[in-house]
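Biologist: Could you take a close look at the disulfides in this protein for me? Please start with the overall picture and then say what surrounds them.

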Amino acid sequence: IQDMQLTVQSCNNDPPVIQDVADTCVFAGTNVNIPFTATDPNPGEVITISATGAVFNIGNNPATFAGASAADTVTGNFLWDPECSDASTNYYTIIIHAMDNNQTVALEDLSTFRIKVDIPPPTNLTVNPLGSSMQLDWDASSCSGISYYNIYRSVDSTDLTEDCCSQGAALTIGYELIGTSTSTDYTDASTLIVGNEYCYIVTAVSSNGVESCISNVDCQHLNF
């Protein structure tokens, strides 16, 4: 057992303060440029802002952070053009660092920011009654490497207030999964009741199991 002696001295320095930035979700293919600003309560002190995180070291498409140093207030920018292969069910975590240049005791503030990359959804979903079934057609997700599409149905219209950051959003807004398709069409040949309004949405699922945000909704009745 070793003894340790600590000397505590008063510090006349205050750390910089990083302005919080809310976590966000973006579609693959989006140009991301998010500014982060730090200020120092001690006038004249130079602040250096930087960032760390696994997102700066991934694959062939790492993010970058344009750091900077300035007196009193400084801004750095998180820069990324995420690709479809960067889509994930999890968030990427970035730690923002802001350190002053106090000559006695340099102090640092840290702030955590999270970003999630989503697959763009299928678009232009249309539903048409065909005898006792419904014929669905849509445009493919802009991402390559889609394994299949999930087809969801609800009886009667449902307001879409989806949080695209959440996996399985279709289920949480009252839709049920009725099938899958490896093409951009699907026939709902289940037992449908004349007089009911049937509403559909579609999602894309990538080869690594990431589900896209939901498509537009389209509703139809069977023809009498």
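Modeller: What follows starts with the whole protein, turns to the disulfides, and ends with the aromatic rings.

This is a predicted model. The protein is built from one helix and 16 strands. Its radius of gyration is 25 Å, while the globule rule gives 17 Å for 224 residues. The value is well over the rule, so the protein is more spread out than a compact globule. The box tells you about the outline. Along the principal axes, the C-alpha atoms fill roughly 85 × 45 × 30 Å.

Now the surface and the inside. Of the 224 residues, 40% count as buried. The exposed area is about 11,800 Å². Carbon and sulfur atoms supply 48% of that area. Contacts reach across the sequence too. Take the contacts with a separation of 6 or more: residues 24 or more positions apart account for 68% of them.

On to your disulfides. How many disulfides does the count come to? The count comes to two.

Start with Cys 84 and Cys 143. Their sulfur atoms sit 2.0 Å apart, and the two residues form a disulfide. The torsion about the S-S bond is about -90°, so this disulfide is left-handed. Both ends lie in loops. Cys 84 is in the loop between β7 (73-80) and β8 (92-100). Cys 143 is in the loop between β11 (133-139) and β12 (146-155). The pair therefore ties together parts that are 59 residues apart in sequence. Are the two ends buried or exposed? Cys 84 is partly exposed, because its relative accessible area is 29%. Cys 143 has a relative accessible area of 6%, so Cys 143 is buried. The cut-off for buried is under 20%.

Next, the disulfide of Cys 199 and Cys 219. The S to S distance is 2.0 Å. The torsion about this S-S bond is about 110°, so the disulfide is right-handed. This pair sits in strands. Cys 199 belongs to strand β15 (residues 197-206), and Cys 219 belongs to strand β16 (residues 218-221). The two cysteines are 20 residues apart, and the pair links distant parts of the chain. Cys 199 has a relative accessible area of 0%, so Cys 199 is buried.

Stay with β15 for a moment. Nine of the 10 residues of β15 are buried, so "mostly covered" is a fair label for the strand. Which strands does β15 pair with? One partner is β12, joined to β15 by nine bridges. These two strands run antiparallel. As an example, Tyr 148 has Val 205 in β15 as its bridge partner. Another partner is β16, joined to β15 by four bridges. That pairing is antiparallel as well. Here Tyr 200 stands opposite Asp 218 in β16. The strands β15 and β16 are thus linked by bridges, and the disulfide of Cys 199 and Cys 219 joins them too.

Now look at β7, the strand before the loop of Cys 84. It leads to the aromatic rings. A search of the whole structure finds seven aromatic pairs. In one of them, the rings of Phe 36 and Phe 65 have their centres 6.3 Å apart. Their planes meet at 45°, so the pair is tilted. Phe 36 lies in strand β3 (residues 32-39) and Phe 65 in strand β5 (residues 64-66). The two are 29 residues apart, and the pair links distant parts of the chain. Phe 36 counts as buried because its relative accessibility is 2%. Phe 65 is buried too, at 16%.

Another aromatic pair is Phe 78 with Phe 113. Their centres are 6.3 Å apart, with 65° between the planes, and the pair is edge-to-face. Phe 78 lies in strand β7 and Phe 113 in strand β9 (residues 108-118), so the pair ties together parts that are 35 residues apart in sequence. Both Phe 78 and Phe 113 are buried.

These rings belong to a wider group. Ring pairs link Phe 36, Phe 56, Phe 65, Phe 78, Trp 80, Tyr 92 and Phe 113 into a cluster.

One last spot is Gly 53. Gly 53 is found in the loop between β4 (46-52) and β5. Its relative accessible area is 22%, so Gly 53 is partly exposed. The C-alpha atoms of Gly 53 and Ile 94 are separated by 4.8 Å, though the two residues are 41 residues apart along the chain.

Terms used: Residues numbered from 1 in each chain as written. Predicted model: local features only at pLDDT ≥ 70, side-chain atom pairs only at ≥ 80, totals over all residues. Heavy atoms only, no water. Rg over C-alpha atoms; globule rule 2.2 N^0.38 Å. Buried < 20%, exposed > 50% of the residue type's maximum accessible area, 1.4 Å probe, protein only. Contact = heavy atoms within 4.5 Å. Areas by Shrake-Rupley, 256 points an atom, 1.4 Å probe, with all protein chains shown as cover. Disulfide = S-S within 2.5 Å. Pairing = 2+ DSSP bridges. Phe/Tyr/Trp six-rings, centres within 6.5 Å; stacked < 30°, edge-to-face > 60°.
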